[in-house]
Amino acid sequence: MRSCELWVGEVAAALLAEAGDWEALAALIMKHAPFLLAHGRHRALETWLNHLPAEAIAGNPWLQYWKGASVLPFDPPSARACFERALAVDSGHVEANLNLATMLEEEDRNELALRHYQRALASDPLYADAHVS
């Protein structure tokens, strides 16, 4: 996704929100969230997610995860709550488990962190980041 594609994505997100097409907006977010985060566009992703009504995010562990990842650098407590909500929907969500485990490890809550690392590995034994942590 180049900068012109990103701009088109931002326009598309705004138009889909204006039209109330939550399913299409969620699909757009799911497709572009990894790129946005990889390029430091946390606030852009957060904006896109904020267009969605809460009920559209609530039952979707990936949208909960992306919301948490988008705010992690700026608001860790909110990010943590999002990761926990993702895990309430899907306790085996690898990325949410890994992020939550990292946060717990930073708080010296190592036993609980270990449980989340183990859940991530149980869900996807080949997920490389779970082995590094």
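I looked at the bend in α2 first: this helix turns by about 50 degrees at His32, the bend being the angle between axes fitted to the seven residues ending there and the seven starting there. A proline, Pro34, follows within four residues. The model is predicted, with pLDDT of at least 70 needed for local features and 80 or more for side-chain atom pairs, while totals for chains, interfaces and linings use all residues. Residues are numbered from 1 along each chain as its sequence is written, and side-chain values use heavy atoms, without hydrogens and water.

I then checked which residues of α2 are buried (under 20% relative accessible area, 1.4 Å probe, protein chains only). The list includes His32, at the bend, together with Leu28, Ile29 and Ala33.

I followed the chain out of the helix. Gly40, just after α2, has a positive phi of about 70 degrees. Arg41 sits in the loop between α2 and α3 (42–51).

Is Arg41 buried or exposed? I found a relative accessible area of 29%, so Arg41 is partly exposed, a class that lies between the 20% limit for buried and the 50% limit for exposed. Its side chain makes a polar contact with the side chain of Glu10 at 2.7 Å. I also noted that Arg41 and Ser70 are 8.1 Å apart, C-alpha to C-alpha, and 29 residues apart in sequence.

Last, I looked up α3 against α5 (residues 61–71): the two pack at about 140 degrees with axes 8 Å apart. They are therefore oblique to each other, as the angle is outside the ranges for roughly parallel (under 35), roughly antiparallel (over 145) and roughly perpendicular (65 to 115).

How values were computed. A polar contact is a pair of N or O atoms within 3.5 Å; within protein, one must be able to donate a hydrogen and the other to accept it, and residues adjacent in sequence count only if both atoms are side-chain atoms. Axes are lines fitted to C-alpha atoms, for helices over the stretch in contact, and angles run from 0 to 180 degrees between N-to-C directions.
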